[in-house]
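Let's take a friendly walk through this structure, going from one piece of architecture to the next. Have the viewer open as you read.

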Amino acid sequence: MTPCAVTTGFFTLGKCGQMAVAGCPACGRAVCADHLADGGMCPECAAARRQFGHPAAAAAARRRAYRHRQAQYYGDAGYYSGFDDYDRAAFEPGAAAHQDYLDDGDDALVDS
Amino acid sequence: MHRAAYLAFDRFPSAKGSAVHIRHMAAELFDRYGGGLLCVLGGGELPAYQREGGVEIVRFTDVVPNLLDRAEAFSRWAADRLAPHRDTLEICHVRDPWGALPALSTGARLVYEANGLPSIELPYAWPLAAPSTLAKIREREERCLQEADAVVVPSRVIVKAVTGRGAAPDRVHLVPNGADPVPADVPRPPTAPDRYVIYVGALQPWQGVDVLLRAFARLADRTDLTLVVCSSVSPARARPLRRLGERLGVRIQWEHQIPHADVAAWLAHADLSVAPLTAGPRNLDQGCSPIKVWESMAAGTAVVASDLPVIREVLGDHGRLVPPDRPAELARAIRVLLEYPDACRELGERARRHVEAGFTWKHARARLADVYDRVEAH
Ligand SMILES: [Zn+2]
Ligand SMILES: [Zn+2]
C-alpha cells in the first residue's frame, strides 16, 4: 500500500498515511480518497490552482505581487504614512541585533 | 465561505509559546463559528494549504528578506485571502497590525489580541530602527487598537500601553495565558540529568538567560546540579549564549526545539524552573504572560522568577521572586530552595493547584468566549 503523503493536523502535524488512491498530477505525491481535491490533485496544488490558475504560475504571480509595492493595496491605505527606503533599511537581514537569530526564519514581531 | 478568520504574522505551528497561544485562541474561534480561515506564516516543511474539517489553513511562504517588506507583503497576501469571504465574514481575530489592517478592510468585527506591541518590541531585534519608523508602526497600532471591537491582553501591564494608543478602556479584556495540567506520572525524559534546574523558552536578551548563566556560575560547588536549557530556537541562534556558558564553565545541557508535548515532562522532573526576565521596557511597559511560568506551575515545579509586575500577576505568592538582573541574588535563591526540598515541593504543589483552579487553557478559552459574546452583542 502507498500511504497518503498529505500533511495533516492543526498543532501537531504528520503525514495522513491512509491508503493512497492516486498520485497528484502536479507534484506527484500520493493522495488518499479523503484528500483528493479538484482535478485529482493534492489539496495544496488544488489550492494553488484556485489562486493562480496553475501551480507553476503561483511563484511567478507572487513575485509579481511583491514587486508591485505601492501603498494602495488594502482598503483606505494612505490613512497613515507608508514606509520608505530609510525605514526599510533598518530591517535588512544584516541590520539585526543578532546575526545568529536569522537562520531559522523566525519572523515573529512579538513573542509570548 | 467562512464566518471567522484568525490572522497572525507568526509561523504556526512552531516550538514557540506564541504557537501554543494561537492554538488555543484559534480553536475557540473556530469551534464557535463552525470553522474558519487561519492565515499564518509558513516555511520549512509546513504546507502552504491545509483543510482540517471546517478550518482552512493558508500559509504565507514568500521569501522576502527584509522584515518590513515581509510584513507588508503578508498584509497584502492576507487581504487577498480574506477577499472571497467578505460577504460572510463576521469576525476577525488578529495579533498584530499587519493582520489587523487587512481584517479591518473587510468590515467584519475585529478582536485584536495584544500580546506585545511591535513598536516596543521590534527595536530589541532591530536596533537600527529609527524613532520615526517606530512612530509609523505605532501609528498603525493606534489605528487598529482604536477601531478594534475588543482588545484582548494577557497581562494588566500592557493595558496602559494599549489604552495609551487609543483603545477604549471598556473594550480591553484580560485573558491571561494558561497551561494544561500535567499528569503526575508523566515519565522522566530519558536524557534528563538526575538533578537539574530548567529554563524553557526563547533566548532574546530580555529573557535574561545570561543572568541565569552567571547565577549558575556561582553554583559551581553544586556538582550534582545541571542547568537544562530547553531553547525554542535553533542551536545557531543560541550560539552567543552557548559561548557565554562555556566561558563561565557552567554545566549546561542544551535541548533545542523539542516538541511542545515533551516540554511538560522536562518541567515536571526538574528541581526548579527559572524565569529570569530582565527589567527592561519590554517587560516593564509592554508586559507578557510568560507561558513558561504557567507551564512550570502546571507541572508542579517550583518557580524562581524576576520580581516584575508581569511575573507577580502570574505567580502571585506561589513562587520565589528575586530582583531582576542580579545573578548573585538569583544564585542565592536557587541554593536556598534546593536546600529545602520539602518547602520547594510544597511551593510547586501550591502553584499547580492555583493553575488548575483558574488558569488552564480551558479557563482562558472561556474568558475569550465571554469576549466574543460581548463583541457579538454590540
Ligand atoms: Zn500536489
Ligand atoms: Zn490523506
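**A sheet and a helix pair in chain B**

In this predicted model, B:V197 stands opposite B:L272 in β12(B). That pairing is a good place to start, and the strands around it come next. Strand β9 (residues 195–201) of chain B and strand β12 (residues 272–275) of chain B run parallel, and two bridges join them.

Now zoom out to the whole sheet. It is open, has six strands with parallel pairing, and follows the order β11-β10-β9-β12-β13-β14 in chain B. At the edges stand β11 (252–256) and β14 (320–322) of chain B; each has a single partner strand, so one side of each is left without a neighbour in the sheet. From one strand to the next, the twist averages 25°. Helix α9 (residues 260–268) of chain B packs on this sheet, where it touches β9, β10 (225–231), β11 and β12 of chain B. The direction of α9 makes about 145° with that of β9(B).

Let's turn to a pair of helices. How do helix α2 (residues 67–82) and helix α3 (residues 97–104) of chain B cross? Their axes come within 8 Å and cross at roughly 30°. Angles under 35 degrees count as roughly parallel, and α2(B) and α3(B) are therefore roughly parallel to each other. Their crossing is right-handed.

Which residues make this contact? From α2(B) come B:L68, B:A71, B:E72, B:F74, B:S75, B:A78, B:A79 and B:L82, and they meet B:W98, B:G99, B:P102 and B:A103 in α3(B). The residues of this contact divide into nine nonpolar, two polar and one charged.

Conventions
Residues numbered from 1 in each chain as written. Chains lettered and ligands numbered in written order. Predicted model: local features only at pLDDT ≥ 70, side-chain atom pairs only at ≥ 80, totals over all residues. Heavy atoms only, no water. Axes fitted to C-alpha atoms, helices over the stretch in contact; angles between N-to-C directions. Helix = DSSP H or I, 4+ residues; strand = E, 2+ residues; numbered from the N terminus. Parallel < 35°, antiparallel > 145°, perpendicular 65-115°, else oblique. Left-handed = near helix turned anticlockwise from the far one by under 90°. Contact = heavy atoms within 4.5 Å. Nonpolar A, V, L, I, M, F, W, Y, C, P; charged D, E, K, R; others polar. Pairing = 2+ DSSP bridges.
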